[in-house]
Amino acid sequence: MSDPFSPTRRAALERLARFVPHAGRDYAARRNFDLGPGQHVHVSGLSPWLRHRTITEQEVLHAVLARHTPAAAEKFVQEVFWRTYWKGWLERRPATWAEYRAGVTRALNRIDTEDGLRTCWAAACRGETGIDAMDAWARELVETGYLHNHARMWFASIWIFTLRLPWELGADFFLRHLLDGDPVANTLGWRWVAGLHTRGKHYVARPDNIAKYTEGRFHPQGLAPAPAPLDGSAPPPPGPVPAAAALPDGRVGLLLTEDDLSPGWLIEEGLQPAACAALLSHGGRSPLAVSTQVARFTRGLAGDALDRLGATGPLSENPQDIVDWAAAQGLNAVATPYAPVGPAAEALDRLADALNGHGIALTRHPRPYDLRAWPHATHGFFRFKSRIPDLLSAMGLGDSPATEARLPGL
């Protein structure tokens with residue numbers, strides 16, 4: 001059987017072409033049904049490539065709206081913009097990412113000292129809780145690197161409110177195994193389910209809802225019937241968005257990260273790279289080891305991107321390898337697509353310090369798409385959505401309307 005998530009741009013474009021005819025009313029009517037591994041035919045399955053920008057939001061929106069009216073494709077268009085909203089929201093509140101990371105550390109410290117918590121956590125990760133749906137989803141995630149979006153919401157809710165495990169450990173479990181593991185959307189999606197993103201509004205998994213949308217595959221017993229949302233500190237007020245950066249002069253290298261593997265827009269803006277390389281950071285998603293599937297998929301996507309550029313530069317998780325490459329190439333600057341809050345941005349921070357010691361500048365370049373959208377990620381999504389018609393118009397597309405909050409996994 002062929003790999004459903006081959007780590008190439010060609011595979012992403014083929015998946016997009018297959019999905020486009022179904023992106024309108026079919027998607028709106030059936031997107032919430034989780035029919036089991038290999039049966040996720042009513043969602044796009046694009047998220048593993050879109051998360052790494054092997055294909056971009058603009059490409060997906062253009063393809064869908066070339067086939068469907070904005071009204072017919074409303075639900076799917078809104079899902080694409082949820083991802084954009086999440087990134088803008090966290091980019092303007094990086095302290096929320098730091099708080100999550102600290103929460104993971106605290107929870108892992110508890111696991112070292114609390115036998116009961118460690119046993120429950122390990123059982124949930126292995127799919128041995130005795131809750132039929134939960135166990136099946138845990139095994140599917142570990143085996144395939146993917147989980148239907150609705151299953152992600154149910155899973156997070158049961159993890160938090162029925163198993164009463166720290167939500168940060170659940171978010172960490174997802175990041176270690178999801179091929180589309182996005183530090184931004186994953187963190188904020190789990191916060192939303194817990195009731196920490198929109199204060200007091202949480203997502204409660206219901207047995208009848210699970211039975212309906214799995215078409216009777218599951219009817220879990222013993223779920224918390226009326227849990228209260230988690231309590232936590234209010235999110236900080238939004239800070240500024242990054243500014244556009246001028247392309248550097250001289251002999252410049254192009255550096256890719258796993259957050260943006262389609263750098264053609266920088267070349268269209270005038271970048272003429274003397275050499276290209278890629279710095280990976282998937283290992284930084286968790287203090288624990290990420291799955292071999294995640295490592296293989298991410299490395300494969302980055303290698304495919306370098307191949308498309310005809311590049312022979314290094315593909316490495318070690319910033320020192322990039323420093324050595326830049327020095328050997330005689331570069332005076334390295335330009336990279338802007339990486340939002342997360343491990344890639346942290347790796348770039350370390351790299352910038354190391355390059356500076358060699359007199360080499362690192363410049364980070366936000367996409368115009370992000371610069372247009374992120375200023376509107378000030379409050380909840382339903383304020384952000386009022387700007388979507390303008391954002392579509394800026395891309396030469398029509399108007400469009402809104403949808404419910406969802407964990408990433410188009």
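**Strand pairing, burial and salt bridges**

Student: Which residue in strand 2 is the bridge partner of Leu-254?

Tutor: The bridge partner of Leu-254 is Cys-276. This is a predicted model, in which local features need pLDDT of at least 70 and side-chain atom pairs count only at pLDDT 80 or more, while totals for chains, interfaces and linings use all residues. Residues are numbered from 1 along each chain as its sequence is written, and side-chain values use heavy atoms, with hydrogens and water left out.

Student: How do you know that strand 1 and strand 2 pair?

Tutor: Strands are DSSP runs of E with at least two residues, and helices are runs of H or I with at least four, numbered from the N terminus. Two strands pair if DSSP finds at least two bridges between them; strand 1 and strand 2 (residues 275–279) have five, in the parallel sense, so the criterion is met.

Student: Why is Trp-82 called buried?

Tutor: Buried means under 20% relative accessible area, exposed over 50%, and partly exposed in between, with a 1.4 Å probe and protein chains only. Trp-82, in helix 5 (residues 74–91), has 4%, and is therefore buried.

Student: What makes Arg-217 and Asp-34 a salt bridge?

Tutor: The term requires a side-chain nitrogen of Lys or Arg within 4 Å of a carboxyl oxygen of Asp or Glu, and the closest N and O atoms of Arg-217 and Asp-34 are 3.3 Å apart. The pair ties together parts that are 183 residues apart in sequence.

Student: Why is Arg-217 called partly exposed or buried?

Tutor: Arg-217 has 33% relative accessibility, so it counts as partly exposed, whereas Asp-34, at 0%, is buried.
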